[in-house]
Amino acid sequence: MDFSDLQQEMRAQLVAKELFAQAQSYAYDYIDNLAEMDVFPFAPALADLEMFEETLPAQPASPAQILGMLHQYGSKATVAQTGGKYFGFVNGSAVPVALAAKWLADVWDQNAALFVMSPITAKLEAICEKWLVQLFKLPPDTAAAFVGGSSLAGVYALAAARNELLNRQGWDVGEQGLFGAPPLKVVLGGDAHSSVFKALSLLGLGKSRVELVPVDAQGRMLAGKLPKLDSATLVIAQAGNVCGGAFDPLDEICDAANQARAWVHVDGAFGLWAAAAAKTSYLTKGMEKADSWSVDAHKTLNAPYDCGIVLCKERAALVNSMRAAGSYIQFSAERDAMSLTPEMSRRGRGVELWATLKYLGQAGVASLVEHLCSMAQYFAHQLAAQGFIILTDVVFNQIVVKCATPEATAAALEKIQASGKCWCGGAVWQNQLAIRVSVCSWQTDKEDIDDCVKIFAEARK
Ligand SMILES: *Cc1c(COP(=O)(O)O)cnc(C)c1O
């Protein structure tokens with residue numbers, strides 16, 4: 001086919017803007033129907049996903065039909081996690097102005113790799129870096145880089161840690177690789193998140209050589225049980241256990257590690273935000289003494305997906321581990337994002353993070369964090385009143401709950417998930433089958449929780 005026909009057609013689409021109006025009207029439909037939607041799609045909606053099973057189209061298709069298909073079959077096969085009754089995983093909702101900013105930024109379609117590719121995304125990421133360092137009360141020169149999520153943030157932070165620790169021993173990972181490198185000791189809590197183990201295996205540090213520190217009934221590392229640390233040790237602590245939300249004793253861990261010149265990384269995917277609110281900042285006490293941190297903006301902060309952040313006290317350690325050059329790459333005196341992560345081309349995810357932070361401000365972030373925590377407290381209290389057993393202290397936004405027997409817990413979880421009215425996941429908490437509840441949406445209010453507690457109570461009968 002003659003490309004000039006397609007070119008003409010696409011230019012006409014940009015001029016007419018009907019496609020954007022169509023997408024906008026579907027989006028508004030979705031927003032308006034959200035409260036009535038099943039929180040998780042049921043069989044008919046899932047069966048309709050078959051509509052996407054077709055061979056690669058031989059010829060161009062109608063754009064209006066493409067969007068129509070997405071709305072007709074796609075919208076109802078989504079999980080209604082932007083509403084107030086989704087408590088699965090630790091999935092946040094989205095602050096409206098951030099969504100709108102993302103729409104606008106989608107039209108810009110910027111490549112955030114270098115300042116010369118997009119001055120605005122470089123600027124907004126530089127601003128976000130400053131604001132986050134202030135919110136989390138980290139050392140002033142801490143570097144922040146914007147990545148897909150906390151799993152990747154962890155990989156990048158631990159890459160910087162690995163290279164720096166080996167560098168101190170005269171070994172350059174960038175030049176020499178890992179074969180024959182001096183060994184590093186890796187220390188983490190017995191209840192560390194699975195993404196940490198994945199990161200360690202990706203980085204050639206392996207899972208099985210890790211020294212696991214015993215944890216208490218809340219899943220917190222016992223600082224008194226830390227092994228001997230030295231300057232070739234990487235300690236990975238947790239701010240927010242993915243089940244119960246417990247925080248490792250960061251103050252004690254950092255003091256012990258700093259004394260030994262070990263590197264401390266804090267996995268604070270959702271919990272790091274505790275530092276930004278007066279009522280919860282006791283949980284992260286001492287975390288500013290760590291060397292690196294990973295956190296998500298798409299969880300507690302309710303920025304849209306995908307928005308993970310890696311923070312590193314020694315900017316040079318992060319930059320040195322991400323070295324890349326090419327005669328065509330034009331670095332500038334401004335912020336060049338690709339110097340801080342392995343990614344080169346990517347979308348400007350700092351735009352919606354900036355919009356979220358600018359909208360909420362320091363007071364808004366604090367009240368959002370405190371709201372999620374107080375809703376979790378309320379939820380746990382109501383569940384306990386109904387005879388459910390709460391397995392951990394509710395210190396943040398997470399609840400681990402069970403019924404009298406594992407069979408009853410399994411049956412209740414199945415009924416809750418099948419209700420369509422709310423959604424929670426399951427987990428095994430210290431050898432006990434449990435239901436995990438994560439209050440992570442700005443939308444959730446007491447009414448949502450009252451409705452969900454009724455569903456829980458029904459499900460247990
Ligand atoms: C969610 C989570 C991760 C992984 O973050 P992603 O953004 O899903 O990659 C890591 N650690 C903890 C404690 C988490 O809750």
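**View 1. Strand β4 sends its side chains two ways.** Thr233, Val235 and Ala237 point to one side of β4, and Leu234, Ile236 and Gln238 to the other. All of them are buried, meaning under 20% relative accessible area with a 1.4 Å probe, protein chains only. In a regular strand the side chains alternate between the two faces of the sheet. Helices (H or I, at least four residues) and strands (E, at least two) are DSSP runs, numbered from the N terminus. The model is predicted: local features need pLDDT of at least 70, side-chain atom pairs count only at pLDDT 80 or more, and totals for chains, interfaces and linings use all residues. Residues are numbered from 1 along each chain as its sequence is written, and side-chain values use heavy atoms, with hydrogens and water left out.

**View 2. β4 has a partner on either side.** Strand β2 (residues 185–189) pairs with β4 in the parallel sense over 4 bridges; pairing requires at least two DSSP bridges between two strands. Lys185 has Thr233 of β4 as its bridge partner. Strand β5 (residues 263–267) also runs parallel to β4 (residues 233–238), joined by 5 bridges. Here Leu234 stands opposite Trp263, and Gln238 is the bridge partner of Asp267.

**View 3. The open sheet has 7 strands.** Their order is β1-β7-β6-β5-β4-β2-β3, with mixed pairing. At the edges, β1 (143–147) and β3 (211–213) each pair on one side only. Neighbouring strands are turned by 20 degrees on average, direction ignored. Axes are lines fitted to C-alpha atoms, for helices over the stretch in contact, and angles run from 0 to 180 degrees between N-to-C directions.

**View 4. Helix α7 lies across five strands: β1, β4, β5, β6 (292–296) and β7 (308–312).** Contact means heavy atoms within 4.5 Å. The helix (residues 150–167) runs at about 180 degrees to β5. Of its 18 residues, 15 are buried. From first C-alpha to last, α7 reaches 25 Å, close to the expected 26 Å, which is 1.5 Å times one less than the number of residues.

**View 5. Two cysteines stay unpaired.** The whole structure holds 0 disulfides, defined as cysteine sulfur pairs within 2.5 Å. Why is Cys307 without a bond? Its closest cysteine sulfur, in Cys128, is 7.6 Å away, too far for a bond. Cys403 is in no disulfide either, with the sulfur of Cys424 the nearest at 12 Å. Cys307 is buried at 0% relative accessibility, and Cys403 is buried at 2%.

Terms used
Buried means under 20% relative accessible area, exposed over 50%, partly exposed in between (1.4 Å probe, protein chains only).
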